[in-house]
Amino acid sequence: LLGKAVEMLRVEYPDMTVKDLKKSLILRQVEEDKVNTKIFEANYSDRDPIKTQKVLKTIQQVYQDYNREQQQLRLAKG
């Protein structure tokens with residue numbers, strides 16, 4: 001999924017790599033009452049606030065698209 005996000009961001013940030021993204025990105029699964037939820041929190045840090053916002057929006061879009069694809073696959077199997 002990170003590779004897909006990097007590919008989408010390469011238009012504006014041609015030098016970005018998956019390795020670069022991993023260095024500045026923290027993903028964690030949110031817990032509620034000591035039980036993991038299906039909610040993930042993404043934190044990305046960069047000196048450029050516009051880049052930070054674009055990266056987070058792209059990761060959100062990629063994850064939501066992936067989720068929809070997986071849901072469609074589960075429905076098709078059922």
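## Helix α3 and its surroundings

Let's start with helix α3, residues 49–77: at 1.5 Å a residue, its 29 residues should span 42 Å, and the end C-alpha atoms do sit 42 Å apart, so expectation and model agree. Keep in mind that this is a predicted model.

At the start of α3, there's a polar contact to look at: a side-chain oxygen of aspartate 48 comes to within 2.9 Å of the backbone nitrogen of isoleucine 50.

Now for what is tucked away. The buried residues of α3 are Lys51, Thr52, Val55, Thr58, Ile59 and Val62. Their cover includes α1, α2, β1 and β2. Over in α1, the buried residues are Ala5, Val6 and Leu9. Looking down the axis of α1, you'd find these within an arc of 100°, so they line one face of the helix. That fits the general pattern: an α-helix has 3.6 residues a turn, so residues three or four places apart point the same way.

Here are the two helices side by side:

| Helix | Buried residues | Cover includes |
|---|---|---|
| α1 (2–9) | Ala5, Val6, Leu9 | α2, α3 |
| α3 (49–77) | Lys51, Thr52, Val55, Thr58, Ile59, Val62 | α1, α2, β1, β2 |

So α3 helps cover the buried residues of α1, and α1 helps cover those of α3.

Is lysine 51, which lies in α3, buried or exposed? Its relative accessible area is 17%, under the 20% cut-off, so lysine 51 counts as buried. Leaving out residues up to four places away in sequence, lysine 51 touches Tyr13, Met16, Tyr44 and Asp46.

Conventions: Residues are numbered from 1 along each chain as its sequence is written. This is a predicted model: local features need pLDDT of at least 70, side-chain atom pairs count only at pLDDT 80 or more; totals for chains, interfaces and linings use all residues. Side-chain values use heavy atoms; hydrogens and water are left out. Helices (H or I, at least four residues) and strands (E, at least two) are DSSP runs, numbered from the N terminus. The expected span of a helix is 1.5 Å times one less than its number of residues. Buried means under 20% relative accessible area, exposed over 50%, partly exposed in between (1.4 Å probe, protein chains only). Contact means heavy atoms within 4.5 Å. A polar contact is a pair of N or O atoms within 3.5 Å; within protein, one must be able to donate a hydrogen and the other to accept it, and residues adjacent in sequence count only if both atoms are side-chain atoms. The arc is that of the directions from the helix axis to the C-beta atoms.
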